[in-house]
Amino acid sequence: VCAELALPVAARNVMVEFDSFHVSLQAGCAEVLQCPRCSRVVTDRHGICKHCHENAYQCRQCRNINYENLDAFVCNECGFS
């Protein structure tokens, strides 16, 4: 990403804060929950896979579960998306 500024700025780290996402109603209906272990569709309302009994709401990388926002875009522990 390149941005033109009036003054020269040197930066080593840039923090991006997401304010909101555009969510369409059609995309929300078509979105399915998949198990992170066996990749099967999870239909249980609690997110437990019927095949391997894994929690589908956990992060695929660090296995953390964000109970405050189960449908989070980015993991609150490791940042995996």
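Mentor: Before we start, buried means under 20% relative accessible area, and exposed means over 50%. Keep in mind that this is a predicted model.

Trainee: Got it. Is glutamate 54 buried or exposed?

Mentor: Glutamate 54 is in the segment after H1. Its relative accessibility is 7%, and the cut-off for that class is under 20%, so glutamate 54 counts as buried.

Trainee: Which residues does glutamate 54 touch, leaving aside its neighbours within four places in sequence?

Mentor: Contact here means heavy atoms within 4.5 Å. With that cut-off, and with those neighbours left out, the partners of glutamate 54 are Cys35, Pro36, Arg37, Gly47, Ile48, Cys49 and Arg63.

Trainee: How many salt bridges does the structure hold?

Mentor: Take the pairs one by one. Arginine 37 and glutamate 54 meet through their side chains, with N to O at 3.4 Å. Glutamate 54 also pairs with arginine 63, where the closest N and O atoms are 2.9 Å apart. Both distances fall within the 4 Å limit, and the count for the structure is two.

Trainee: And which residues are linked in a network of salt bridges?

Mentor: Glutamate 54 takes part in a bridge with arginine 37, and glutamate 54 also has one with arginine 63. That puts glutamate 54 in both pairs, and the linked residues are Arg37, Glu54 and Arg63.

Trainee: How many residues apart are arginine 37 and glutamate 54?

Mentor: Their side chains meet in a salt bridge. Both partners sit in the segment after H1, yet the pair links distant parts of the chain, with a separation of 17 residues.

Trainee: Is arginine 37 buried or exposed?

Mentor: Its bridge partner, glutamate 54, is buried at 7%. Arginine 37 has a relative accessible area of 56%, and the cut-off is over 50%, so arginine 37 is exposed.

Trainee: What about glutamine 58: which side chain does it join in a polar contact?

Mentor: Glutamine 58 lies in the segment after H1 and counts as buried at 11% relative accessibility. Not counting residues up to four places away, glutamine 58 touches Pro36, Arg63, Asn64 and Ile65. Its polar contact spans 2.6 Å, and the partner is glutamate 54.

Trainee: Why is cysteine 35 not bonded to cysteine 52?

Mentor: Cysteine 35 is buried, at 0% relative accessibility. The closest cysteine sulfur is that of cysteine 52, and a disulfide needs the two sulfurs within 2.5 Å, so this pair is too far for a bond at 3.4 Å.

Trainee: How many disulfides does a search of the whole structure find?

Mentor: A disulfide is a covalent bond between the sulfur atoms of two cysteines. Cysteine 35 misses out, with its closest cysteine sulfur 3.4 Å away. Cysteine 78 is in no disulfide either, since the nearest cysteine sulfur, in cysteine 62, is 3.7 Å away and the limit is 2.5 Å. Across the whole structure, the search gives zero.

Trainee: What is the phi of arginine 63?

Mentor: Most residues other than glycine have a negative phi. Arginine 63 is not a glycine, yet its phi is positive, as is that of histidine 53, at about 65 degrees. For arginine 63, the value is about 70 degrees.

Trainee: How far apart in space are glutamate 77 and asparagine 64, C-alpha to C-alpha?

Mentor: Glutamate 77 is exposed, at 60% relative accessibility. Beyond four places in sequence, glutamate 77 touches Cys62 and Asn64. Asparagine 64 is 13 residues away in sequence, and the C-alpha distance is 6.8 Å.

Trainee: Which residues form the nonpolar patch on the surface?

Mentor: One of them, phenylalanine 18, is in the segment before helix H1 (25-30). Together the patch has about 520 Å² of accessible area, and its members are Val14, Val16, Phe18, Phe73 and Val74.

Trainee: Last one: what share of the chain do buried residues make up?

Mentor: The secondary structure comes to one helix and zero strands. The accessible surface is about 7,500 Å², with 51% belonging to carbon and sulfur atoms. Of the 81 residues in the chain, the buried share is 16%.

Methods: Residues numbered from 1 in each chain as written. Predicted model: local features only at pLDDT ≥ 70, side-chain atom pairs only at ≥ 80, totals over all residues. Heavy atoms only, no water. Patch = residues over 30% accessible without salt bridge, like charges linked within 9 Å, V, L, I, M, F, W, Y side chains within 5 Å. Areas by Shrake-Rupley, 256 points an atom, 1.4 Å probe, with all protein chains shown as cover. Helix = DSSP H or I, 4+ residues; strand = E, 2+ residues; numbered from the N terminus. Buried < 20%, exposed > 50% of the residue type's maximum accessible area, 1.4 Å probe, protein only. Polar contact = N/O pair within 3.5 Å; in protein donor to acceptor, adjacent residues only side chain to side chain.
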